[in-house]
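Reader: I have a protein model to study and should like to go through it with you. Could we begin?

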Amino acid sequence: MKIIGTGRANPAKIVTNAMLEEFLDTSDEWIRERTGMTERHVISSEKLEDLATEAALKAIENAGVTPADIDYIICSNVVNEYITPGLSCIIQGAIGAKCACVDVNAACSGFIYALDMADDRIKSGKAKTILVVAAEEPTRMVDWKDRSICVLFGDGAGAAVVTEGDALIGSRLTTVSKTECLHYVRTLEPTPYITKEEEAKPMYMNGREVFKTAVLSSSRDIRTLLDEAGLQPADIKYYILHQANMRIIEAICGQLKLDMSHFPTNVAHYGNTSSASVAILLDELNRDGKLQKGDKLVLSAFGAGFTTGACIIEWTK
Ligand code: UT7
């Protein structure tokens, strides 16, 4: 496959660190030093499906195709207001496409899992032009009274249109079941027969554990992919990493012995938008004219599961 268009959409409400200081025992200094974040976009009146649709339409326009050309939609999503149908089905209706749709939940790695699935489907000859959307509202999963977690997240959607091509140089997906580290559990509707105990709780994250695992696993994925492709770290123009924490990005940069010019970031302005983060950053780079034909890019993300996804792509647009 190759990427031929990208798009993004974010909620209008911007919540600064100073605004969080108003109701949490936190400080702008702590948040900036520990995470690199200064503000984040947070859903207020918007519906996630509308942001997802906006990102999708922008990607379709950027690709120079029409909704009628899309013959498969994959949406990466952890939560939204609908349990069913999948967000991909709602996007299909909103953009006026007519094709099969599926949602994938691989937490923050979901956009890369979805790109990998798109590549498989194109290779199998079952689809030619695929819309991949990552839409997330993690601010709806956290306890807004818990300073250790609610300051970290933002909401948004990113999208890419992919079609036949040879731009995916390599990809690597891993999953290690480690649910105790990071999870969010909800209760379902009661029935007359339920006897087991169930409890809805906001998202739980062992930040330090996730931090360590993220740095080690992302560096390992990247090194493995570079070795397999016969590339050196400096051959990659940009490492587009999951924007979870500036210190994680700097640590991965250090592991690869590169300078930060290879690591574009936007975590300062968006916070952690789960699987949307890599898609949003890719779109920013594309629209800012930072990507040249022939550039090699690494995409790498990690998240609940514990899942990781990484790929090397050549920019062909
Ligand atoms: O996409 C999902 C992937 N998630 C991630 O990648 C998150 C990975 N982890 C992290 O980014 C970091 O572990 C955090 C940013 C979550 C936390 O940073 P940390 O350096 O690991 O801090 P900590 O959890 O060890 O907490 C240090 C101190 C504690 O106080 P004491 O016990 O030392 O007195 C916390 O209570 O900082 C305190 N603290 C805060 N203080 C002010 C925690 N949150 C806050 C806060 N404001 N918002």
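Author: The conversation below goes through the sheets, the helices beside them, the ligand and some backbone details.

Author: This is a predicted model, in which local features need pLDDT of at least 70 and side-chain atom pairs count only at pLDDT 80 or more, while totals for chains, interfaces and linings use all residues. Residues are numbered from 1 along each chain as its sequence is written, and side-chain values use heavy atoms, with hydrogens and water left out.

Reader: Which strands form the sheet that contains β1, and in what order?

Author: The order is β1-β7-β6-β4-β5, in an open sheet of five strands with mixed pairing. Strands (E, at least two residues) and helices (H or I, at least four residues) are DSSP runs numbered from the N terminus, and two strands pair if DSSP finds at least two bridges between them.

Reader: And which are the edge strands there?

Author: They are β1 (2–9) and β5 (100–104), each of which pairs on one side only. Neighbouring strands of this sheet are turned by 15° against each other on average, with direction ignored.

Reader: How many bridges join β4 to β5?

Author: Five bridges join them, and the two strands run parallel. Within this pairing, Cys75 has Asp103 in β5 as its bridge partner.

Reader: What does helix α5 lie across?

Author: Helix α5 (residues 110–123) lies across β4, β5, β6 (129–136) and β7 (156–163), and runs at about 165° to β6. Such angles run from 0 to 180 degrees between N-to-C directions, with axes fitted as lines to C-alpha atoms, for helices over the stretch in contact; contact means heavy atoms within 4.5 Å.

Reader: What about the sheet with β8; what is its strand order?

Author: That open sheet has four strands in the order β8-β13-β12-β11, again with mixed pairing. Its edge strands are β8 (168–175) and β11 (238–241).

Reader: How are β11 and β12 joined?

Author: Four bridges join β11 to β12 (residues 296–303), and these strands run parallel. Ile240 stands opposite Leu299 in β12. Helix α5 packs on this sheet as well, touching β8, β12 and β13 (307–314), and its direction makes about 125° with that of β8. Helix α10 (residues 276–287) lies across β11 and β12, at about 145° to β11.

Reader: Changing topic, how many residues surround the ligand?

Author: There are 22, the closest being Thr26, Arg34, Arg208, Asn245 and Asn272. A residue is near a molecule if one of its heavy atoms lies within 4 Å of it.

Reader: What are the distances to the side chains of Arg34 and Arg208?

Author: A ligand oxygen atom is 2.8 Å from an N or O atom in the side chain of Arg34, and the corresponding value is 2.7 Å for Arg208. For the side chain of Asn272 the value is 2.7 Å.

Reader: Which element gives the most residues to the shell?

Author: Helix α7 gives the most, with four residues.

Reader: Before we finish, where are the cis peptide bonds?

Author: One joins Thr84 and Pro85, with omega about 5°, and Pro85 lies in the loop between β4 and α4 (87–95). Another joins Gly305 and Phe306, with omega about 10°; Phe306 is in the loop between β12 and β13.

Reader: And what is phi of Ala107?

Author: It is near 55°, a positive value in a residue other than glycine. Ala107 lies in the loop between β5 and α5.

Notes
A polar contact is a pair of N or O atoms within 3.5 Å; within protein, one must be able to donate a hydrogen and the other to accept it, and residues adjacent in sequence count only if both atoms are side-chain atoms.
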